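Hi everyone, thanks for making time this morning. I'd like to walk you through one structure, so let me put it up on the screen.

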Amino acid sequence: ALNSAIDFSVGAENLTLSPGSQSTLGANISLGSGGTLTLNGTTNWSTGLAIAGAGASSVLEIPSGQTLTLTGGGGVHGTFDNLTVNNSGTINLQTAGVNEDFKLNNGAVLNNVTGGQIRFVGGEQQIHTSAGSGTLNNSGGTISLVGAVNGTINPTTFNNAGTIDVGTGTLSTGGNALTNTSGGVISGTGTLDLGGAMLTNS
């Protein structure tokens, strides 16, 4: 297993972390322009840390069958900053407390592609933007509330061409618009709360 608490950088190279069945990532990571970091296995990412890039060509890959779980106490966050994240595995938002969040900041783009899952597992979790712009593209993947939990998704831009399953909970867009494009499905017996914002089906 990899248990890293040391910040590290990746230049314009490709780096794959394959630490075995499970690892704990307690470090800030910096990716240079053209650099790619691939996470294999099950990675628990301690909250309060950042994976930062140098633009869209800095890429974090979470392949099919691999898992990144944001862990720790409530009220803290993990930040994707100025890079592209491609998820075809599983991202879990899961803490013992509430108000845990993923931040998509300064041009960060999270692409949840076919086979990818973003799961709100407990507490009151959110994906949002606190600096600059951030984009979540659900491009054939699934975003789900697991049971009667509450979640918020309100980056600068939120596009859905996959499945959003609100379960029996409440998913809020924090007053931001949601664009539901061709192939986009919104399901569940819970609530989608737009906060007065626009839902566009195109």
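Here's a question to begin with: how much area does the chain expose, and what percentage of it do carbon and sulfur atoms supply? The exposed area comes to about 7800 Å², with 48% of it supplied by carbon and sulfur atoms. Please keep in mind that this is a predicted model.

Now the overall layout. The chain has 27 strands and zero helices. It runs to 202 residues, and 47% of them count as buried. If you take the contacts between residues at least 6 apart in sequence, 50% of those join residues at least 24 apart.

Let's go inside. The general expectation for soluble globular proteins is that nonpolar side chains tend to be buried together. In our chain, the largest nonpolar core has 36 residues. Which of them have the most contacts inside that core? They are Trp45, Phe80, Phe102, Ile118, Phe120 and Leu136.

Some of those names come back when we turn to the aromatic rings. The chain has three aromatic pairs. Take Trp45 and Phe80: these two are stacked, 5.4 Å centre to centre and with 25 degrees between the planes. In sequence they sit 35 residues apart, with Trp45 in strand 7, residues 42–46, and Phe80 in strand 11, residues 77–81, so to speak a link between distant parts of the chain. Are these two rings buried or exposed? Trp45 counts as buried because its relative accessibility is 0%, and Phe80 is buried too, also at 0%.

Phe80 has another partner, Phe102, and that pair is stacked as well: 5.1 Å between centres and 10 degrees between planes. Again distant parts of the chain are linked, since Phe102 belongs to strand 14, residues 101–105, and lies 22 residues from Phe80 in strand 11. Phe102, at 2% relative accessibility, counts as buried because the cut-off is under 20%. Put together, Trp45, Phe80 and Phe102 form one aromatic cluster.

One last stop, Phe120, which was on our list of core residues with the most contacts. What does Phe120 touch, leaving aside residues up to four places away in sequence? Its contacts include Leu93, Ile127, Ile143, Leu145, Val146, Val149 and Ile153. Among the others are Gln125, Gln126, Ser144 and Thr152.

That's my tour, and I'm happy to go back to any part of it.

Terms used. Residues numbered from 1 in each chain as written. Predicted model: local features only at pLDDT ≥ 70, side-chain atom pairs only at ≥ 80, totals over all residues. Heavy atoms only, no water. Helix = DSSP H or I, 4+ residues; strand = E, 2+ residues; numbered from the N terminus. Buried < 20%, exposed > 50% of the residue type's maximum accessible area, 1.4 Å probe, protein only. Contact = heavy atoms within 4.5 Å. Areas by Shrake-Rupley, 256 points an atom, 1.4 Å probe, with all protein chains shown as cover. Phe/Tyr/Trp six-rings, centres within 6.5 Å; stacked < 30°, edge-to-face > 60°. Core = buried A, V, L, I, M, F, W, Y, C linked by side-chain atoms within 4.5 Å.
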